[in-house]
Amino acid sequence: ALMHPEDAARCVQAYVQYARKETPAYLTEFRLRHKNGSWCWILSRGVGLWNESGFMYRMVGSHTDITAQKEREEELRQLNADMEGFTYIASHDLRAPLVNMRGFASEVRYALDEVQPLIEKSYGTLGEEDRTKLDAVLKQEVPESLGFIDAAVMRMDQLTSAILDMSRIGRREYRMEEVDADAVVQRSLSVLAHEIAAKSIQIACEPLGKVLTDPLVLE
């Protein structure tokens, strides 16, 4: 009579299954009406005694109040839901500027192709040193920088997707496979190439070989 109506049938079923030896242990949780009118969560555990006819004539066990634990679990579930919602919004919003970056990089590349013939026509008016500098900028530095932008945009898009996947605790399926660790390092360094060059950082990495892991997690 004190048990929550939503839990009663499930608990009776758990008891019957244990009494028939269909389950190895009697362990269940349910809500019980407290004398102050509130609902308490109870962890019920028991051990039965059977006679020669296979009838369980006695059960001994314990009822433990786990209300505080259930409240913390609910708070954690809500926190995870809030975090997943925030991460989804953040990852979605991060993609918007990525589209613009990719588009403007294409515009710069197109403009460079358009202006290249015009600049080459004026080469005759420039000195050898100026022509060398202009070639280095137009044919090496700018295309290389655009390549870094493309690589960074692509990796950022992949990482925002990864962040969203990681936020879904318990729902991401890890793919264990043979991964080239050296290739992972090179991809990571290519994304950081500008910062590495700007800070004159020297990177030393000996051969790492292949490992069995989830490639996304390793990266």
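These notebook entries record what I looked up in one predicted model.

**Basis.** I worked with a predicted model, in which local features need pLDDT of at least 70 and side-chain atom pairs count only at pLDDT 80 or more, while totals for chains, interfaces and linings use all residues. Residues are numbered from 1 along each chain as its sequence is written, and side-chain values use heavy atoms, with hydrogens and water left out.

**Hairpin.** I looked up strands 1 and 2; strands (E, at least two residues) and helices (H or I, at least four) are DSSP runs, numbered from the N terminus. Strand 1 (residues 26-33) runs antiparallel to strand 2 (residues 39-50), and eight bridges join them; pairing requires that DSSP finds at least two bridges. I noted that Leu32 has Cys40 in strand 2 as its bridge partner. Five residues separate the strands of this hairpin, and Gly37 in the turn has a positive phi of about 100°.

**Helix 2.** I found that this helix covers residues 67-121, 55 residues in number, and reaches 82 Å from its first C-alpha to its last, close to the expected 81 Å; the expected span is 1.5 Å times one less than the number of residues. I located a kink of about 35° at Val115, shortly before Pro117; the bend is the angle between axes fitted to the seven residues ending at a residue and the seven starting there.

**Cysteines.** How many disulfides does a search of the whole structure find? I recorded zero; a disulfide is a pair of cysteine sulfur atoms within 2.5 Å. The sulfur of Cys11 cannot form such a bond because the closest cysteine sulfur, in Cys40, is 14 Å away, too far.
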